[in-house]
Amino acid sequence: MLSVPTPADMPITPEERWGELGLYGARGMTGGEALARILDSAAGRRIPSVTTRRGLIVRLRYLTWGSRGDHWLRTVGIGVTGRTINRWASGIQWPSPSNLRLIDRAFWLCRRASLADHYKQRLWADGRGRRIEIHPVDQKNVQSSRQRDLRVRNINVRHQWPAVVDAWSSNDHSALDELWMRIVDDLGSDHRAYTYVSHLGFGV
């Protein structure tokens, strides 16, 4: 079963990654960050917060489904007994705040690993790829001596999707940023102006 290294300070959950409103400010976010944010949004669609009873139960049932057992919970450092995990899953007992955070981290590691092959197939689309709409950072809010009027660009991505999904699944944001620069290289001479974006449009 796939395990992913989880340093304590690594931002794993969407809340840890994207929770600060206005985090990116005028610079926007890197294209790699935007790719990860969209994939996270798709993976978390209609899943309640871990702080709700239903959200907790959904996560624990997902984490322990089939042959998974307590693998992902142990991966993030949860050290309670299997009996305690069962009591959490049945709603008899509520985890401590620290364990609740670890449960959410375990869920997102497991969720990304489980969805990786599915997302690769959807985004590859039998070789057709997926079109991305790239919204640039508003240059009026950027302090630069070379401000330009940048327009929304569209590009069809085919070959990079497997590597993009693998980098997202393993929380490798450096690899995502490198892959993004390969993607926008096809935009031509001003491709570096799209290193940072305000929004990406594509569906999963």
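Trainee: Which residue with a positive phi follows α7?

Mentor: In this predicted model, α7 is followed by Asn171, and the phi of Asn171 is positive, near 60°. Asn171 is a residue other than glycine, and its place is the loop between α7 (161-169) and α8 (173-184).

Trainee: What makes Asn171 count as buried or exposed?

Mentor: The relative accessibility of Asn171 is 9%. Buried means under 20%, and Asn171 therefore counts as buried.

Trainee: Where is Asp126, and what is its phi?

Mentor: Asp126 lies in the loop between α6 and β2. Its phi is positive, about 55°, although Asp126 is not a glycine.

Trainee: Why is Asp126 called buried, partly exposed or exposed?

Mentor: Asp126 has a relative accessible area of 70%. The term exposed requires over 50%, so Asp126 is exposed.

Trainee: How is Gly91 classed, and on what value?

Mentor: Gly91, in the loop between α5 (82-89) and α6, has 36% relative accessibility. Partly exposed covers the range between the buried limit of 20% and the exposed limit of 50%, so Gly91 counts as partly exposed. Gly91 and Arg54 are 37 residues apart along the chain, and their C-alpha atoms are separated by 9.1 Å.

Trainee: Which residues of α7 are buried, and what covers them?

Mentor: The buried residues in α7 are Trp161, Val164, Val165, Ala167, Trp168 and Ser169. Their cover includes α1 (14-18), α2 (31-43), α6, β2, β3 and α8.

Trainee: Why are α3 and α6 called parallel, perpendicular or oblique?

Mentor: Helix α3 (residues 53-63) packs against α6 at an angle of about 50°, and the axes are 10 Å apart. Roughly parallel needs an angle under 35 degrees, and roughly perpendicular needs 65 to 115. An angle of about 50° falls outside both ranges, and the two helices are therefore oblique to each other. The crossing of α3 past α6 is left-handed. On the α3 side the contact is made by Leu56, Arg59, Leu60, Tyr62 and Leu63, while the α6 side includes Leu100, Ile103, Phe107 and Ser114.

Trainee: How do you know how α2 is oriented towards α6?

Mentor: The angle between α2 and α6 is about 105°, with the axes 10 Å apart. This angle lies within 65 to 115 degrees, and α2 and α6 are therefore roughly perpendicular to each other. Where they meet, α2 brings Leu39, Asp40, Ala42 and Ala43, and α6 brings residues including Trp108, Arg111, Leu115 and Tyr119.

Trainee: What makes β2 and β3 a pair, and in which direction do they run?

Mentor: Strand β2 (residues 130-136) and β3 are joined by 5 bridges and run antiparallel. A pair requires at least two bridges, so the 5 bridges between β2 and β3 meet the requirement. Among the bridge partners, Arg130 is matched in β3 by Val157. The link from β2 to strand β4 (residues 196-201) has 4 bridges, also antiparallel, and here His135 has His199 as its partner in β4.

Trainee: Why are certain strands said to stand at the edges of the sheet, and which are they?

Mentor: The open sheet has 4 strands in the order β1-β4-β2-β3, with antiparallel pairing. β1 (29-30) and β3 each have a single partner strand, so one side of each lacks a neighbour in the sheet. α8 packs on this sheet and touches β1, β2, β3 and β4, and its direction makes about 95° with that of β2.

Trainee: Which residues of β3 form its covered face, and which its uncovered face?

Mentor: In strand β3 (residues 153-157), Arg153, Ile155 and Val157 form the covered face, whereas Asn154 and Asn156 form the uncovered one.

Trainee: Which residues touch the most other members of the largest nonpolar core?

Mentor: That core has 57 residues, and Leu35, Tyr119, Ile132, Ile134, Trp180 and Leu200 touch the most other members. Helix α6 (residues 97-124) gives the most to the core, with 12 residues. The contacts of Ile134 beyond four places in sequence include Val152, Ile155, Trp180, Val184, Leu187, Val197 and Leu200.

Trainee: How many residues has the protein chain, and what share of them counts as buried?

Mentor: The chain has 204 residues, and 45% of them count as buried. Its secondary structure comprises 8 helices and 4 strands. Of the contacts with a separation of 6 or more, 71% are between residues 24 or more positions apart.

Note on methods: Residues numbered from 1 in each chain as written. Predicted model: local features only at pLDDT ≥ 70, side-chain atom pairs only at ≥ 80, totals over all residues. Heavy atoms only, no water. Buried < 20%, exposed > 50% of the residue type's maximum accessible area, 1.4 Å probe, protein only. Core = buried A, V, L, I, M, F, W, Y, C linked by side-chain atoms within 4.5 Å. Contact = heavy atoms within 4.5 Å. Axes fitted to C-alpha atoms, helices over the stretch in contact; angles between N-to-C directions. Parallel < 35°, antiparallel > 145°, perpendicular 65-115°, else oblique. Left-handed = near helix turned anticlockwise from the far one by under 90°.
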